[in-house]
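Grab a pencil and open the viewer. Here are a few short exercises, each with a worked solution.

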Amino acid sequence: MRLAVLGSCASQPGPGEACSGYLVSSGDSHVMLDCGSGTLGPLQRLVSLDDLRAIVVSHLHPDHYIDLVALRYGRTYGVAGARPIDVYLPPGGISHLRGLAQALSSTTPFWDAALTLHEYEPGVPLHLGGLTVRPHEVRHGIRSFGMRVEDGEHALAYSSDTVMCEELVALADGADTLLAEATLAGGAPQHHDPVTHLSAGDAARVAVRAGVRRLVLTHFWYTADRTRAVAEAREHFEGDVQAAASGLTLTL
Ligand SMILES: [Zn+2]
Ligand SMILES: [Zn+2]
């Protein structure tokens, strides 16, 4: 299994970066986890859109899905006869995107020529070619779903956006790699009240309790010092710790 980071920022991209987006691949199966601002460019360096099996969205904050709008326009007007791309959304996601479409355009239906919208259910696995993606509900300001991705040999746990919670520990249990948000790391402003995110120390404590081999920190505030964030995590976790960045690729 391979993990490619397309973007690793919260809310707004930092210089040369993008918001949340990850390409997970096993053999010829390619699944995009989240589709935040600026992720479509890096994605196409790695895989043709026609070869993308699906996009799975963790939750309905724009830094995790707003490039679906760009994809819709490009796919609708740019590629004659292209098949729609399957997009798996959290419960309530289809009506959310239809509401967004109403605000953006008088064209109806807005999404259908480009994207086929589905909703997943908590705990029910999606079988996407050689990859199985199981959404696990975590705790955030809105409903949010971490993802456990498996290919029969390896397991990747992705936190989505969340506070420290037992659900996240269970999601990551025994995974090879935990890709965990660390919004409150590296000198980021502590402006979230109530807190809806993890610190690097929180992410590291989850890594310890879940027994993962490698921790990849992501979803950084755009001003965060990532070297400092990694050091914060290493105070609690002795395994491999890395900072995600657009362009980083890892083999599990
Ligand atoms: Zn976010
Ligand atoms: Zn969020």
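Before we count anything around a metal: donors are N, O and S atoms within 2.8 Å of it, and water is not among the atoms, so sites may look incomplete. Also keep in mind that this is a predicted model.

**Exercise 1.** Find the residues that coordinate the zinc ion (ligand 1), and work out why the arrangement is irregular.

*Solution.*
- Step 1: Pick out the donors. They come from Asp63 (OD), His64 (NE2), Asp161 (OD) and His219 (NE2), at 2.1 to 2.2 Å.
- Step 2: Place them along the chain. Their spacing reads D-H-x96-D-x57-H.
- Step 3: Check the angles. Four donors count as tetrahedral if all angles lie between 85 and 135 degrees. Here the angles run from 92 to 167°, which makes the arrangement irregular.
- Step 4: Look at the surroundings. Aspartate 63 and histidine 64 are both buried.
- Step 5: Look next door. Aspartate 161 also bridges to the zinc ion (ligand 2), and the two ions lie 3.5 Å apart.

**Exercise 2.** Work out how strands β5 and β6 run and how the chain gets across.

*Solution.*
- Step 1: β5 (residues 85–89) and β6 (residues 115–119) are parallel, joined by five bridges.
- Step 2: Take one bridge: aspartate 86 partners threonine 116 in β6.
- Step 3: Follow the chain from β5 through helix α3 (residues 93–104) to β6; this β-α-β crossover is right-handed.

**Exercise 3.** Explain why cysteine 35 has no disulfide partner.

*Solution.*
- Step 1: The closest cysteine sulfur, in cysteine 19, is 11 Å away, so it is too far for a bond.
- Step 2: Searching the whole structure gives zero disulfides.
- Step 3: Cysteine 35 is buried, at 0% relative accessibility.

How values were computed
Residues are numbered from 1 along each chain as its sequence is written. Chains are lettered from A and ligands numbered from 1 in the order in which they are written. This is a predicted model: local features need pLDDT of at least 70, side-chain atom pairs count only at pLDDT 80 or more; totals for chains, interfaces and linings use all residues. Side-chain values use heavy atoms; hydrogens and water are left out. Two strands pair if DSSP finds at least two bridges between them. Helices (H or I, at least four residues) and strands (E, at least two) are DSSP runs, numbered from the N terminus. A crossover is right-handed if, with the strands pointing away from the viewer, the path from the first strand over the helix to the second runs clockwise. Donors are N, O and S atoms within 2.8 Å of the metal (3.2 Å for Na, K and Ca); water is not among the atoms, so sites may look incomplete. Four donors count as tetrahedral if all angles lie between 85 and 135 degrees; four count as square planar and six as octahedral if opposite donors are over 155 degrees apart and all others between 65 and 115; anything else is irregular. Buried means under 20% relative accessible area, exposed over 50%, partly exposed in between (1.4 Å probe, protein chains only). A disulfide is a pair of cysteine sulfur atoms within 2.5 Å.
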